[in-house]
Amino acid sequence: MARKKKSSIDIRDGFHVVVMGEMEIWDGADLSLLRETLARLVETEKRKAIGVDLTFVKYIPSGFFGMLYDYTDRGVSVRLYSPQAHIANMLWFREFFEPIDGEAFSLVVKAQTGHSARSAMAAGKAPWSDFDNAPAEFSAAEETTVSAAH
């Protein structure tokens, strides 16, 4: 029998914080539940300060940070609480979250850095490509290898 996934909401320093329980690894269903809960808080209840408790989380799906950034673009303050060290060391986390105190981190919109995936995409190139450092010419063997790889 499948377990019913539940979340609760705490209020911390005026932020409505979604607590996903003791789930360590979020799957698509967990992210969907979180998305629905945050949407209800922001769109229906008109909350301007939201957060997510990450105490037990060991893995976050890729869409999580983008979803939070979209709320910040809409004028909502976003905080993450009690992330484990490997979550706090993720590039996206380090680049866009600033510590508030020992347990809370605030999502901040700041000038994009050269490391930012958003700034690279806005400039029209994928963040993982670096054509400025590509060799000017390929040999015939290199072209065949590159073509075969695609």
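**Exercise 1. Determine whether Glu-45 is buried, partly exposed or exposed, and describe its salt bridge.**

Glu-45 has a relative accessibility of 31% and so counts as partly exposed, where buried means under 20% relative accessible area, exposed over 50%, and partly exposed in between (1.4 Å probe, protein chains only). Its salt-bridge partner is Arg-47, with the closest N and O atoms 3.4 Å apart; a salt bridge here is a side-chain nitrogen of Lys or Arg within 4 Å of a carboxyl oxygen of Asp or Glu. Arg-47 is likewise partly exposed, at 31% relative accessibility.

The model is predicted, so that local features need pLDDT of at least 70 and side-chain atom pairs count only at pLDDT 80 or more, while totals for chains, interfaces and linings use all residues. Residues are numbered from 1 along each chain as its sequence is written, and side-chain values use heavy atoms, with hydrogens and water left out.

**Exercise 2. Work out how strand β3 is placed with respect to its neighbouring strands.**

Begin with the strand itself, taking helices (H or I, at least four residues) and strands (E, at least two) as DSSP runs numbered from the N terminus. Strand β3 covers residues 49-53, and five of its five residues are buried. Ala-49, Gly-51 and Asp-53 point one way, whereas Ile-50 and Val-52 point the other way.

Next, consider the pairing, which requires that DSSP finds at least two bridges between two strands. Strand β2 (residues 15-19) pairs with β3 in the parallel sense over four bridges, and β4 (residues 77-81) runs parallel to β3 with five bridges. Ile-50 is the bridge partner of His-16 and also stands opposite Val-78 in β4.

Finally, follow the connection: the chain passes from β3 through α2 to β4 in a right-handed β-α-β crossover, a term meaning that, with the strands pointing away from the viewer, the path from the first strand over the helix to the second runs clockwise.

**Exercise 3. Identify which parts of the chain are tied together by the salt bridge between Arg-74 and Glu-43.**

The closest N and O atoms of Arg-74 and Glu-43 are 3.5 Å apart. Because Arg-74 lies in the loop between α2 and β4 and Glu-43 in helix α1, the pair ties together parts that are 31 residues apart in sequence. As for accessibility, Arg-74 is partly exposed, with a relative accessible area of 45%, and Glu-43 is partly exposed at 41%.
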